[in-house]
Amino acid sequence: MPFLKNMNIKNNFIKNLEDIVGSKYVLTAKWSKETYSKGWRYGEGEALAVIKPETLVHLWRVLKMCIDNDMIIIMQAANTGLTGGSTPFGNDYDRPVIIINTMRINSIHLINNGKQIIGLSGSTLYDLEKKLDPIGRDPHSVIGSTSIGASIIGGVCNNSGGSLVQRGPAYTEFALYAKVNENGELKLINELDIDLGSEPEEILNNLQNSNYKESDITYSKKLASDDKYCQIIRGIDSNKPARFNADQRLMYNVSGSAGKIVVFAVRLDTYEKPKKSKVFYLGSNNPDDFWEIRRDILGKFKTLPTLGDYVHRDCYDAAKKYSKDTFVVIEKLGTSFLPTLFELKRSVDLISKKFSFLPDHFSDRLMQFLSNFWPNHLPKRMEKFRELYEHHWIIEMSDDGIEEARKYFDKFFKNKKAGYFECNDYEGKKAMLHRFVSASAIGRYYSLFKKDIGEMMSMDIAFPRNEKEWFEKLPKEIDDLMEMKLYYGHLFCHVQHQNYILKKGVDSEELKKKLLKIYDERGAEYPAEHNFGHEYHADQKTIDFYKKLDPTNTFNPGIGRTSKIKNWK
Ligand SMILES: Cc1cc2nc3c(=O)[nH]c(=O)nc-3n(C[C@H](O)[C@H](O)[C@H](O)COP(=O)(O)OP(=O)(O)OC[C@H]3O[C@@H](n4cnc5c(N)ncnc54)[C@H](O)[C@@H]3O)c2cc1C
């Protein structure tokens, strides 16, 4: 990474940033930047500094300072993105990189009696759920990473999908954001449709301090969520996937912007909480059973499921073993403890590096070791299904849909070598959490056994809505290259996460090309919901969208495997 050549200029620049946000929140030491410059599962790179502003105005001032000094800016929220889209990637940037982490700016405002919310840059989905619960409403989005602190805005920037069958990807046309125009000027754009004043700092201060009245808010036909998804997902005979990141229908300013502009706030719809909910746990050894159920529910049911996530037995087992500590921490201490846990983990790893007799990934090894002493955390009936069935499907129904599902499942499973049970609250919660933490199992396995295995690969694939062969059958010559395969996903949406550990020595890039070719032949789209990051090539329309948002290539350059050079040269 190019550093500022003149040390005086560099020191002045850092000093000016410290004056804005406080020296504690300008991280320049290598060890202190590590958490922010490394992706959850993919990608890492160097940054000159990590800045953690406390207010929207501080964020604005930091931005101005960075633009004046010709910096690259990578916006970051909870950094749970899985494709390297929220961290630097490599060290071949043509300008110094500044990471701005927004998690300190975390307010959520309720408007229109809670029917909509305004989420500031670092507000989280978890806090949104907590805030809406007492007024009987639900958020627009529930994703696997809600439980580990993912932000509202990271989700909108990624068009994140998640588990909710009725909602579709996170989407809004209401936002307050900044962009750098083709002349290199930073502009604040207020499309929240709330009268907050006219000057940038006035607007930002008024929003931060909730200094606006209901009469300042305009209600119009602009969308604060995807209003078409319910019809789309019911289209079971279509040869197009229901949702995927390159879907131009859902690229609108901040929505799908992948860090190519700076988002200060978004306005989103909320939903009335169902009066009652029920989780059904399904098991089968025949993928065709789930194909039939999927078609019947989406095609014939009056009420769409609230949620429906699939887990393969191998993934179930891997999560039971390698995600157990995460499960227990979230269950016992809550998601708010996770940042502290990751901080502790980082400190343990840093200290352990100083002692050559300690192994690498010491914290992972320690957590793994300690988790062995915790009793089995999964309910008995789930464990019984694990013995009986290879394929597991957790389906949540609400209100009238509960009886509809009950009657249907009773009939469907009568003469089948497959089964289902209705979870009690305890089982329902455990089943969902087990599914959500399953995403981290492969990472832990990889850290522990890195020396003896090949690379880790993660595929995020949206299959056509009419795909019958939803469960992957790889050609033998490809299958032979895999050490481990872990499958989970959102089965109603036909979004599958296919995670592989390769055998030692296998060329992952070559293999990836072969796999993507198979997906292309099957009419799939990828990425489905994790966004391009630095892992996937963006298509031309998406690149055009990025170029329009960021004509000087100042923000998150290289995303979608595009040019990292200033002005896209
Ligand atoms: C265990 C686990 C489970 C997951 N489950 C799901 C799932 O079910 N569905 C799903 O879709 N994804 C899932 N993900 C992926 C990830 O959590 C989502 O993409 C999430 O929405 C990212 O939120 P974040 O706050 O971590 O954003 P980050 O990763 O920090 O950022 C995401 C993107 O938004 C940009 N960004 C963030 N803040 C701003 C801002 N203020 N201004 C401009 N750009 C900004 C970043 O530059 C980046 O491009 C999962 C990840 C994990 C680790």
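In this predicted model, helices α9 and α13 cross with a left-handed sense. The contact is formed by Arg313, Tyr316, Asp317 and Lys320 from α9, together with Met382, Glu383, Arg386, Glu387 and Leu388 from α13. This briefing covers that helix pair, an open antiparallel sheet of 7 strands, and the helices that lie across some of its strands, α8 and α13.

**Helix pair α9 and α13**

- The axes of α9 (residues 313–322) and α13 (residues 380–388) approach within 10 Å, with a crossing angle of roughly 135°.
- Because angles over 145 degrees count as roughly antiparallel and 65 to 115 as roughly perpendicular, α9 is classed as oblique to α13.

**The sheet**

- The strand order is β15-β12-β14-β13-β17-β18-β16, and the pairing is antiparallel.
- Strands β15 (419–422) and β16 (456–462) occupy the edges with a single partner strand each, so one side of each has no neighbour in the sheet.
- From one strand to the next, the twist averages 15°.

**Pairing of β13 and β14**

- Strand β13 (residues 307–312) and strand β14 (residues 391–398) are joined in the antiparallel sense over 6 bridges.
- Val311 has His392 in β14 as its bridge partner.

**Helices across the sheet strands**

- Helix α8 (residues 287–300) lies across β12 (277–284), β13 and β14, and runs at about 20° to β14.
- Helix α13 lies across β12, β14 and β15, and runs at about 175° to β15.
- Helix α13 thus has two sets of contacts described here: residues including Met382 and Leu388 take part in the contact with α9, and the helix also lies across the edge strand β15.

Key:
Residues are numbered from 1 along each chain as its sequence is written. This is a predicted model: local features need pLDDT of at least 70, side-chain atom pairs count only at pLDDT 80 or more; totals for chains, interfaces and linings use all residues. Side-chain values use heavy atoms; hydrogens and water are left out. Axes are lines fitted to C-alpha atoms, for helices over the stretch in contact, and angles run from 0 to 180 degrees between N-to-C directions. Helices (H or I, at least four residues) and strands (E, at least two) are DSSP runs, numbered from the N terminus. Angles under 35 degrees count as roughly parallel, over 145 as roughly antiparallel, 65 to 115 as roughly perpendicular and the rest as oblique. A crossing is left-handed if the near helix is turned anticlockwise from the far one by less than a right angle, and right-handed if clockwise. Contact means heavy atoms within 4.5 Å. Two strands pair if DSSP finds at least two bridges between them.
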